[in-house]
Amino acid sequence: MELDKYDQALLNGEYGETKQKMMEILLALGKIYEAEKFIEVKSVQVSGASFKTIGDAGLSWLNTLSGKAVVPSFLNPIGMPRDEWQNLGIPDDFAKKQLEVNAAYTRLGIRPTCTCTPYYFNIIERGDHLAWSESSAVSYVNSVLGARTNREGGPSALASALTGKTPYYGLHIVRNRIPQIEFHIDDPAATKSWTNAHYGALGIIAGAISGNRIPFFTELRPNRDMLKSLGAAMAASGAVALYHVNEITPETRFPFFKKHIEEDDREVVEIEVSEIDELFGSLEADVVALGCPHVSEEELEELAFLLENRRVVMPFYIFAAEEMKAKHPDLCAKIQNSGAKIVPDTCMVVSPLMDRAGVVMTNSGKAFTYLPGMCKATPLLGTLEDCVRAGCGE
Amino acid sequence: MLIQGRSIAKGTGTGPLLITDTPISFLGGVDPKTGIVIDETHPLFGKSVAGKVLVFPYGKGSTVGSYVLYALAKNHVAPAAIINTECETIIATGAIIAEIPTVDRLKGDLPKDGIVTVDGTSGTVSFAQCG
C-alpha cells in the first residue's frame with residue numbers, strides 16, 4: 001500500500017501506541033481488501049457501544065486505549081438511557097458496566113450522541129468519505145445521501161476516528177457502487193398505499209435475497225422515512241450496505257450510473273405484494289416498540305398526532321436520539337401524556353429492555369429481524385397506526 | 001523449512017499446530033476464559049486453542065469475535081499464532097488488538113502436526129522437517 005508521511009508516522013508509533021495499533025488494524029484491512037492507499041474521512045460513527053453487545057472483553061480493551069478522535073465521531077446507541085435508567089428496570093450491574101463503556105468512549109473523544117441516526121443532526125454531503133459502522137446508518141448515508149462508506153466493525157471505525165483515515169476500497173470507489181441485483185414488484189400500483197412498515201417488510205425479503213449485493217428497485221416512490229425503513233431491514237436480513245431506488249436515490253441520476261444500468265447484466269427478481277402482506281401478523285401484542293432506527297421529526301409528529309387523546313394500556317416505547325427529544329419537547333409531551341415512554345440513547349435491540357418481553361409489536365423490519373435472536377422475544381409487524389391501536393387496546 | 005505468506009499481525013509465536021478446515025466463530029464458539037472450543041458443531045469441539053498455532057480458513061460470525069480474541073490473550077489462553085487461508089476483518093482486527101502473530105495466504109504446505117514458528121512481521125512460517 002502507498003503510505004504518506006502521516007500514515008507512516010502513525011505506524012512508527014510517533015503518535016503513541018494506541019494510534020499505532022489503530023493504524024495497524026487499518027493497514028491489515030487495506031491489505032485484505034487490496035486497497036492501494038488510505039483516504040481521509042469526514043466523520044466516523046462507532047458501533048459496539050452497548051455493554052450488551054461488546055461485553056467484558058470489549059470494555060477491557062477500550063480501557064487500554066488512549067488518545068483522541070481527530071474527526072467528528074458519533075457513538076451508536078448504548079444499552080440504556082444515560083440519565084433515566086433507574087426507572088426502566090435496567091439491572092444495576094449492567095448499568096455500572098454501561099457507564100464504564102460510555103466513559104471510555106468519551107475519554108477517546110467519541111461524542112456520546114448514542115444514536116443510530118446521527119445524519120439527522122450533522123450535515124452529510126454527497127460524495128463525502130466516511131467510516132461508519134451501524135448497518136442502518138451505513139445504508140442511509142450511502143443510499144439516501146450519496147456519501148461513501150464501507151460497513152465498518154466497531155474497532156475499525158474507532159481506528160478511523162483516532163487516525164482520520166480509512167483504506168480506499170469497496171464502496172469508496174464509484175465503480176463498486178453499481179447495482180448487482182434488480183427487484184420488481186408484481187403489482188406496482190399497490191405500493192402507493194405502502195407505509196414505512198411495508199417498506200420494512202420489503203427490506204426483510206429483498207435483503208435476504210441480496211446477501212451482500214447492491215439492490216436496485218424500480219417503480220417505487222418512497223419518502224425518506226420509507227427509505228430508512230427499507231435500508232435498515234435489508235442491512236439486518238442481508239448484508240446490504242448500499243441500494244438504489246430509480247429516480248429517487250441520488251446516484252441513480254448520474255450518467256455513469258444510467259450507462260451501467262443499461263449495459264450491465266444482473267439478476268432480476270420479482271417480489272409479490274402478497275409476500276409483503278403475509279409478514280403482517282395477527283398475534284396479541286404484550287409490548288409496543290417503535291423507533292428502530294431512531295425516529296425522525298416526521299415520525300415523532302405523526303406519533304404525537306395519533307396518540308393525542310388516547311391512553312396506552314401496555315408498555316409502549318419509542319426510541320429516539322436524545323437530541324431529537326430535546327429539540328421537540330412539545331411533541332414529546334403530547335406523546336408521553338398517553339402513557340407512552342420516549343426512551344433516549346438506546347433501542348429495543350441493544351438494551352436489555354425487551355429481553356424475553358413476549359410478543360413485541362413494531363413497525364420496523366429491522367427490529368422484526370433481530371428481536372428473536374437478540375432479545376428472545378416474538379416479533380409482530382404492524383403499521384404505525386396498527387401499533388398505536390394495539391397499544392391502546394383498541 | 002520456511003514458507004512465505006502475507007503478514008497480517010506482527011510478532012512471533014511458536015507452538016504445536018492445531019488444524020481445521022472449518023471456519024471459526026470466536027463469539028459463542030470459543031470460551032474466552034479457558035480457550036476451549038465450545039461450539040458443538042465444530043470439528044475442534046472440546047480442544048483448547050491456548051498456546052497452539054491455530055490454522056483455519058477464516059473467521060465468521062459476529063464482529064464481537066475480535067474482542068473474544070483480546071479476552072483470550074488477557075486470560076493467557078490465546079493461540080500462540082494464527083494461520084488463515086484468507087484472513088478477514090474479524091480475525092485481523094482481533095489478532096492485532098490481542099497481539100497474536102498472524103499470517104495468511106501461505107505459498108506452500110504445512111506439516112500435519114509438529115511445532116512451527118509464525119513470524120507475523122515478515123509473514124513467514126518456519127518448522128523443522130522430520131525424516
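Select residues 24-103 of chain B: the C-alpha atoms at the two ends lie 16 Å apart, and 25% of the span is helix and 12% strand. Helices (H or I, at least four residues) and strands (E, at least two) are DSSP runs, numbered from the N terminus. UniProt lists this span, in an unreviewed entry, as "domain: Phosphomevalonate dehydratase small subunit-like"; such annotations may be inferred rather than shown by experiment, and positions follow the numbering used here, with feature names shortened.

The model is predicted: local features need pLDDT of at least 70 and side-chain atom pairs count only at pLDDT 80 or more, while totals for chains, interfaces and linings use all residues. Residues are numbered from 1 along each chain as its sequence is written, and chains are lettered from A and ligands numbered from 1 in the order in which they are written.

Next, colour the open sheet of chain A, where three strands run in the order β3-β2-β4 with parallel pairing (two strands pair if DSSP finds at least two bridges between them). β3 (73-75) and β4 (131-132) of chain A are at the edges with a single partner strand each, so one side of each has no neighbour in the sheet. Then pick β2 (residues 44-46) of chain A, which pairs with β4(A) over two bridges in the parallel sense. A:V44 has A:A131 of β4(A) as its bridge partner.

Add α6(A), which packs on the sheet and touches β2, β3 and β4 of chain A. Its direction makes about 145° with that of β2(A); axes are lines fitted to C-alpha atoms, for helices over the stretch in contact, and angles run from 0 to 180 degrees between N-to-C directions.

Finally, show both chains: 18 residues from chain A and 19 residues from chain B form the contact (C-beta atoms, placed from the backbone, within 7 Å). On the chain A side, α2 (17-32), α3 (51-62) and α6 (154-163) give two or more residues each.

Conventions: Two residues are in contact if their C-beta atoms, placed from the backbone, lie within 7 Å.
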